[in-house]
Amino acid sequence: MDLHGLLAEASTILDAAVEPFVAGHRADSAVRKKGNDFATQVDLAIERQVVAALQAATGIRVHSEEFGGTPVDSSWVWVLDPIDGTFNYAAGSPMAAILLGLLHDGEPVAGLTWIPFTDDRYTAVAGGLLVKNAVAQLPLTYTPLAEGLIGVGTFNVDSRGRFPGRYRLAVLERLSRVSSRLRMHGSTGIDLVYVADGILAGAVYFGGQVWDHATGIAQVRAAGGTVSDLAGRLWTPESRSVLAAAPGAYEEILEILRSAGRPEDY
């Protein structure tokens, strides 16, 4: 596959989605999902628009957040989140993005993150560099955790599940002892691309799906960062957590996660 050619086609398609994305800011809820999650009418419309255009232009089918689609274990498949940070988007926050990743046999090999409200467009392909607004970025350098910002996911301390709220709080407590600069942006994709761009030293996410992770993973790897699940295992499309960080910060965060013990003990 010509990854750069696919990236160019996909970039044009995402550019066409920016106008409806911006126009729908503060959109009302359309579809109630699990728990208190929801999708807006704009989610659904952008997903339909991008999926149809991608399949027509590239011949590669799509797995998307709202409507599903081609299995993520297919040889080649796009994974799309039409609005990452839906709560932010509906509330009027600018911290929302369009995420599009390309998987080859389960490996993220390309990623596009469009952040329309800051007018930033990030792309990357495997073996290349992170590109921001058409300018290639320098690779990440060694970053001590104490000198950087850390992105973390939102949570309820009383929640249960795979990563109970008390476990998450214990991790954040330990992180705060090294860096008091924790940030909750409410968008997995933005946090991951901010790691790739060197804005964040690292990001810790206790949940998420392939459409939340894949785009940013391709970008962090292209930038020279490290990505795994929270146990330090190789990320796969089935992973339901992600740790991404610059060299140096990654090892420090992983050690902190291990010091917090096992999630099932909380």
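In the predicted model, eight strands are arranged in an open sheet of mixed pairing, with the order E4-E3-E5-E6-E7-E8-E9-E10. The edges of this sheet are occupied by strand E4 (68-69) and strand E10 (135-136), each of which has a single partner strand, so that one side of each is left without a neighbour in the sheet. Within the sheet, E7 and E8 run antiparallel and are joined by six bridges, and one residue pairing between these strands is that of Ile115 with its bridge partner Asp120 in E8.

Two helices lie across this eight-stranded sheet. Helix H1 lies across strand E5 (76-84), strand E6 (97-104), E7 and E8, and its direction makes an angle of about 30° with E7. Helix H2 (residues 41-58) lies across strand E3 (62-64), E4, E5 and E6, and in this case the angle is about 155°, taken relative to E5.

A further link between H1 and the region of E7 and E8 is provided by aromatic side chains, of which the structure holds seven pairs. In one of these, the ring centres of Phe21 and Phe117 are 5.5 Å apart and the ring planes stand at 45°, an angle that falls between the limits of 30 and 60 degrees, so the pair is classed as tilted. Because Phe21 belongs to helix H1 (residues 3-23) whereas Phe117 is found in the loop between strand E7 (107-115) and strand E8 (120-125), the pair ties together parts that are 96 residues apart in sequence. With a relative accessibility of 0%, Phe21 counts as buried, while Phe117, at 25%, counts as partly exposed.

Charged side chains were examined as well, and the count of salt bridges comes to nine. Asp119 and Arg121 meet through their side chains in one such bridge, with an N to O distance of 2.9 Å, and Arg121 is partly exposed at 24% relative accessibility. These two residues also take part, together with Asp15, in a network of salt bridges.

A second open sheet is formed by five strands in the order E12-E11-E13-E15-E14, again with mixed pairing. Its edge strands are strand E12 (182-183) and strand E14 (226-228), each pairing on one side only. Strand E11 (residues 150-152) and strand E13 (residues 202-205) pair in the parallel sense over three bridges, and in this pairing Val152 has Val204 of E13 as its bridge partner. Helix H6 packs on the five-stranded sheet, where H6 touches E14 and strand E15 (242-245), and the direction of H6 makes about 145° with that of E14.

The geometry of H6 itself was compared with the expected value for a helix. At 1.5 Å a residue, the 14 residues of H6 (residues 210-223) should span 20 Å, and the end C-alpha atoms are indeed 20 Å apart, so the two values agree. Because 13 of the 14 residues are buried, H6 is largely enclosed by the rest of the structure. Just after H6, a positive phi of about 100° is taken by Gly224.

Another aromatic grouping consists of Phe163, Tyr167, Phe206 and Tyr266, which ring pairs link into a cluster. Phe206 and Phe163 are thus joined by ring pairs into a cluster with the two tyrosines, whose individual burial differs in class: Tyr167 is buried, with a relative accessible area of 3%, whereas Tyr266 counts as partly exposed at 29%. The rings of Tyr167 and Tyr266 have their centres 5.5 Å apart and their planes at 70°, so this pair is edge-to-face. Tyr167 lies in helix H4 (residues 165-178) and Tyr266 in the segment after helix H7 (249-259), and the pair therefore links distant parts of the chain, 99 residues apart.

Two further salt bridges involve residues with greater or lesser degrees of exposure. Arg166 forms a salt bridge with Asp158, for which the closest N and O atoms are 3.2 Å apart; Arg166 is partly exposed, with a relative accessible area of 44%, and Asp158, at 53%, counts as exposed. Glu264 forms a salt bridge with Arg262, the separation of the closest N and O atoms being 3.9 Å. Of these partners, Glu264 is exposed, with a relative accessible area of 57%, and Arg262 is partly exposed, with a relative accessible area of 48%.

Key: Residues are numbered from 1 along each chain as its sequence is written. This is a predicted model: local features need pLDDT of at least 70, side-chain atom pairs count only at pLDDT 80 or more; totals for chains, interfaces and linings use all residues. Side-chain values use heavy atoms; hydrogens and water are left out. Helices (H or I, at least four residues) and strands (E, at least two) are DSSP runs, numbered from the N terminus. The expected span of a helix is 1.5 Å times one less than its number of residues. Buried means under 20% relative accessible area, exposed over 50%, partly exposed in between (1.4 Å probe, protein chains only). Rings of Phe, Tyr and Trp (its six-membered ring) pair if their centres lie within 6.5 Å; planes under 30 degrees apart count as stacked, over 60 as edge-to-face and the rest as tilted. Two strands pair if DSSP finds at least two bridges between them. Contact means heavy atoms within 4.5 Å. Axes are lines fitted to C-alpha atoms, for helices over the stretch in contact, and angles run from 0 to 180 degrees between N-to-C directions. A salt bridge is a side-chain nitrogen of Lys or Arg within 4 Å of a carboxyl oxygen of Asp or Glu.
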